[in-house]
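Subject: The structure we talked about

Hi,

Here is the structure I promised to pass on. Have it open while you read, and my notes follow right below.

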Amino acid sequence: MKSSKTLYVGAGMLGLLALVAIFAPLISHYDPTEQDLMNTLLGPSIHHWVGTDPLGRDVFTRLIYGARVDLAIGLSAVILPYIIGVCLGLLSAWKGGKTDSFIMRIVDTFLAFPFYVLAIALVFIFGPGIKSIIVAITLGGWVAYCRIVRSNVLVAKEQDYIHAARLTGLPDRRILFRHMLPNVISQSIVFAMSDIVLSILAIVSLGYLGLGVPVPTAEWGSMIQEGQPYITQQWWLATVPGLMVVYVGLSLSLIGDGLVARLER
Amino acid sequence: MNPPLISVQNLTVEIKTGRGLLKAIRGVSFDVNPGDAIGIVGESGSGKSITLKAILDLLPTNARVTGGKIFINGQDVSALKPKARRALLSENCAMIFQDAIAALNPVIKIGDQIAEVPRYRLGKSEEESKNIALTLMAKVGITDGESRYDLYPHQLSGGLRQRVAIAIALSGDPKILFCDEPTTALDVTIQAQVLRLLKELRENSGLGIVFVTHDLAVVNELCDDIKVMYAGKLVETGTVENVFTRPTHPYTFSLLKAAPDPDKAVHRLFTISGEAPNLTQPVTACPFAPRCFAASDQCQSSEPELLPMAQSMSACFHSENHVNWASEDSQKSVAR
């Protein structure tokens, strides 16, 4: 009972933000990139709910347009590593032997680099932009799914229902995807929820380092970076985008918690 | 003459454990022919389940067949590629497990699980497969199959689950059904129903059965032949009638004595004291000697072989003496 409440609250919070992001043009009549140099660094008011930035852009508008970018990249930067990781994890544990060692050594190689070092280096190589951020996060992110699924498959492989399926002579493909997969992915789905937070954090951090989405696109990380010099006077410039990250993180971890209780018997 | 359906010859299996290499099976040989009903009995750790798993190529990753040969239809399975071996196995053998809920996939409807082999291995159409599944459900005594087709395993009672598992096992039309204590987890009435079902299947469709259990009564009920396992070896084999009336190995004798007799009121059931030997150590004596009432010095110096007796086979130095055990033993109990 309690777990489904957490799930619904989290999903509601995230859904609300998604709606605001989707209907951003209806909610705010400002353009997120239009400068108004006569009205820079204004404080919060009825016209500008979170004030304006050093270039006179409406911060509230930039926040909700930024949600589009951050949520979209966050989600797409999890889907690819999820698919790659789950497939390789399945293959690795199912085949065992040399295939398993080979894949696990690749995993070890990726794990040897701290995630951010790897991501920064990759974005640096590919050049800043949404595509290279997704590629960088994918290359750094699939290893976790691979390991989670592999360990679940190793356990499930010795279960009687897999033994039974193997003995009845069903094709491998059928056993893997119909019998094994639905029973081993719940943990990785839960992890994916917290991983979306991690990739949004990564996007924000890359944005903060100037390796993120190119200016002038509104994006929370670059907004924090741009607001930082004004932290003593116009503190909301850097703080509110940070709070947005916290909000998304909170809603996703609530979803994750709810899913744990749902999926794991 | 046709070769036996399954022939196990001098099979040895070793298991890697934290405390060293465990010789779980130490040379087991037997044949299974179509229509046979064989009971393999022994206590936990005697190697009866591992024997089954070795035959069916389902050993856990830390266990390995280290010697001996397994023939199916006269074909040496160790010479086959994994794919061909599995095809040969699944064509001839099926298995039902102790815990039906663990042997059924929790996320697939029971009807679909039964229809799976016809559909994906035998290449029947979806319609045909469903009909086969419904027929099988009726055959194993699942009434109202049409409405139960879409249920999930957790929605069924223990007895029904085991019936579903049996239906799945039968779906590939096997010649031999391997049963790994399929009635142990069930209560006695359901146990009786499942046994009756297995008996019917055997009588009506000539299905061979290899039944692993520690329950002697079940073997008596269902099987023609019995093989008693102890410490990874067969210690006595023969027909159920011979072995039950004239056990020629002290272990079998004690096992039969330990089974409760409903006609006799006893204060306390007989138990075999001590425990099974540690098989990570090499065996130099009769492994049952420390627990045996008939043990002598000879039993400490070497391990007896399984040798033919008048009616059955026994691995004991003193098996000629078996006619006297009943009287000797009762005197001993009185002296105690």
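Chain B has a radius of gyration of 21 Å, and a compact globule of 336 residues would come out near 20 Å, so the two agree. Bear in mind that this is a predicted model. Along its principal axes, the C-alpha trace of chain B covers about 70 × 50 × 45 Å. Of the 336 residues in chain B, 42% are buried. I also looked at contacts in chain B with a separation of 6 or more: 65% of them are between residues 24 or more positions apart. As for secondary structure, chain B contains 13 helices and twelve strands.

Now the domains. Chain B splits into domain 1, residues 6-222, and domain 2, residues 247-334. Taken over C-alpha atoms, the centres of these two domains of chain B are 31 Å apart. Where they meet, twelve residues of domain 1 of chain B are in contact with six residues of domain 2 of chain B. On the domain 1 side, strand 2 (20-32) and helix 9 (216-222) of chain B each put in at least two residues. Strand 2 of chain B gives the largest share of that side, with five residues. If you care about chemistry, the domain 1 side that touches domain 2 of chain B is made up of five nonpolar, four polar and three charged residues.

Next, how the chains meet. Here 16 residues of chain A are in contact with 23 residues of chain B. Helix 7 (160-167) and helix 8 (172-184) of chain A each supply at least two residues of the chain A side. Helix 7 of chain A has the largest share of that side, at six residues. Sorted by class, the side of chain A that touches chain B has six nonpolar, six polar and four charged residues.

One last detail, from chain A. Helix 5 of chain A runs over residues 115-126, and at 1.5 Å a residue its twelve residues should span 16 Å; the end C-alpha atoms are 16 Å apart, so the helix agrees with what is expected. Just after helix 5 of chain A comes Gly127(A), which takes a positive phi of about 85 degrees.

If you want somewhere to start looking, try these two spots: strand 2 of chain B, for the side of domain 1 that touches domain 2, and helix 7 of chain A, for the side that touches chain B.

Cheers

Note on methods:
Residues numbered from 1 in each chain as written. Chains lettered and ligands numbered in written order. Predicted model: local features only at pLDDT ≥ 70, side-chain atom pairs only at ≥ 80, totals over all residues. Domains from an automatic or database assignment. Contact = placed C-beta atoms within 7 Å. Helix = DSSP H or I, 4+ residues; strand = E, 2+ residues; numbered from the N terminus. Nonpolar A, V, L, I, M, F, W, Y, C, P; charged D, E, K, R; others polar. Rg over C-alpha atoms; globule rule 2.2 N^0.38 Å. Buried ≥ 20, exposed ≤ 12 C-beta atoms within 10 Å, placed from the backbone. Expected span 1.5 Å × (residues − 1).
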